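User: Please take me through this model, one short question at a time. I want the reasoning as well as the result.

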Amino acid sequence: MSRSIDTVFVWVTDLDRAVDWYRRLGIEPGPRHGAWQAMDTGGATRFALHQGSRRDGPPTAVAAFAVGDLDAELQRLSGLGMSPVDEITDTGAARFATFADPDGNHLQLLERRADKARGRSGD
């Protein structure tokens with residue numbers, strides 16, 4: 001049995017609105033297939049938005065997108081009117097900020113200390 005993640009799907013109520021929000025975040029759309037939209041993260045794991053009814057309740061999973069410089073990304077997003085929902089978390093090994101998309105789905109921008117020390121962008 002394979003244990004790698006193939007795709008992370010996020011349910012949204014308005015696909016076009018969600019695509020616009022994720023584009024501002026820096027994630028460009030790929031092919032659209034009916035009610036779901038592939039998004040290009042540049043990584044091996046696929047990320048897709050799926051239009052449908054959203055269940056009530058808190059998110060049960062959070063996708064974390066790698067960034068090379070969290071502070072620079074936060075400044076860029078602030079200029080677009082996008083702010084994290086909480087303070088930056090620093091675990092010692094990584095720093096991350098949590099955002100909520102227009103449907104309330106949480107995602108994180110994550111900067112790993114080892115990647116930054118090696119000059120690896122993570123983008």
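User: Start with the pairing of E3 and E4. In which sense do they pair, and which residue in E4 stands opposite Ala38?
Analyst: This is a predicted model. In it, E3 and E4 pair over four bridges, in the antiparallel sense. Within E4, the residue opposite Ala38 is Ala48.

User: Which residue takes a positive phi in the hairpin of E3 and E4?
Analyst: Five residues lie between the two strands of this hairpin. One glycine there has a phi near 80 degrees, a positive value. That residue is Gly42.

User: How many residues lie between the strands in the hairpin of E2 and E3, and what is the phi of Gly34 there?
Analyst: Strand E2 covers residues 28-33 and strand E3 covers residues 36-40. They are antiparallel, with four bridges, and Glu28 stands opposite Asp40 of E3. The hairpin has two residues between the strands. Gly34 takes a positive phi near 65 degrees.

User: What is the strand order of the open sheet of four strands, and which strands are at its edges?
Analyst: The pairing in this sheet is mixed, and the order is E5-E8-E7-E6. An edge strand here pairs on one side only. That description fits E5 and strand E6 (89-90).

User: Do E5 and E8 run parallel or antiparallel, and what is the bridge partner of Phe65 in E8?
Analyst: E5 and E8 are joined by four bridges. The two strands run parallel. Phe65 has its bridge partner in E8, and that partner is Leu109.

User: Is Gln108 buried or exposed?
Analyst: Gln108 sits in strand E8, residues 106-112. Beyond its sequence neighbours up to four places away, Gln108 touches Val62, Ala63, Ala64, Phe65, Phe96, Ala97 and Thr98. Its relative accessible area is 16%. The cut-off for buried is under 20%, so Gln108 counts as buried.

User: Which side chain makes a polar contact with that of Gln108, and at what distance?
Analyst: Thr98 is among the residues that Gln108 touches. The two side chains are also joined by a polar contact. The partner is Thr98, at 3.3 Å.

User: Arg112 lies in E8 too. What is its relative accessible area, and which residues is it in contact with beyond four places in sequence?
Analyst: Arg112 is partly exposed, at 45%. Its C-alpha atom is 8.5 Å from that of Phe96, 16 residues apart along the chain. With neighbours within four places set aside, the contacts of Arg112 are Ala93 and Ala94.

User: Which element gives the most residues to the largest nonpolar core?
Analyst: This core has 23 residues, and those touching the most other members are Tyr22, Leu25, Phe47, Leu49, Phe99, Leu107 and Leu109. Elements giving two or more residues include strand E1 (7-12), helix H1 (15-25), helix H2 (70-79) and strand E7 (94-100). The top contribution is six residues, and it comes from H1.

User: Why do the buried residues of H1 line one face?
Analyst: The buried residues in H1 are Leu15, Ala18, Val19, Trp21, Tyr22 and Leu25. Viewed down the helix axis, they fall within a limited arc, so they line one face of H1. That arc is 165 degrees.

User: What does Leu25 touch beyond four places in sequence?
Analyst: Leu25 is one of the buried residues of H1. It is also among the core residues that touch the most other members. Leaving out residues up to four places away, its contacts are Glu73, Arg76, Leu77, Met82, Leu107 and Leu109.

User: How far apart in sequence are the parts tied together by the pair of Phe47 and Phe65?
Analyst: Phe47 is buried at 4% relative accessible area, and Phe65 is buried at 13%. Their rings form an edge-to-face pair, 4.9 Å centre to centre with 90 degrees between the planes. Phe47 belongs to E4 and Phe65 to E5, so the pair ties together parts separated in sequence by 18 residues.

User: Which residues form one aromatic cluster with Phe47 and Phe65?
Analyst: Phe47 and Phe65 form an aromatic pair. The cluster has two further members. They are Trp21 and Tyr22.

Technical notes. Residues numbered from 1 in each chain as written. Predicted model: local features only at pLDDT ≥ 70, side-chain atom pairs only at ≥ 80, totals over all residues. Heavy atoms only, no water. Buried < 20%, exposed > 50% of the residue type's maximum accessible area, 1.4 Å probe, protein only. Polar contact = N/O pair within 3.5 Å; in protein donor to acceptor, adjacent residues only side chain to side chain. Contact = heavy atoms within 4.5 Å. Core = buried A, V, L, I, M, F, W, Y, C linked by side-chain atoms within 4.5 Å. Pairing = 2+ DSSP bridges. Phe/Tyr/Trp six-rings, centres within 6.5 Å; stacked < 30°, edge-to-face > 60°. Arc of directions from axis to C-beta.
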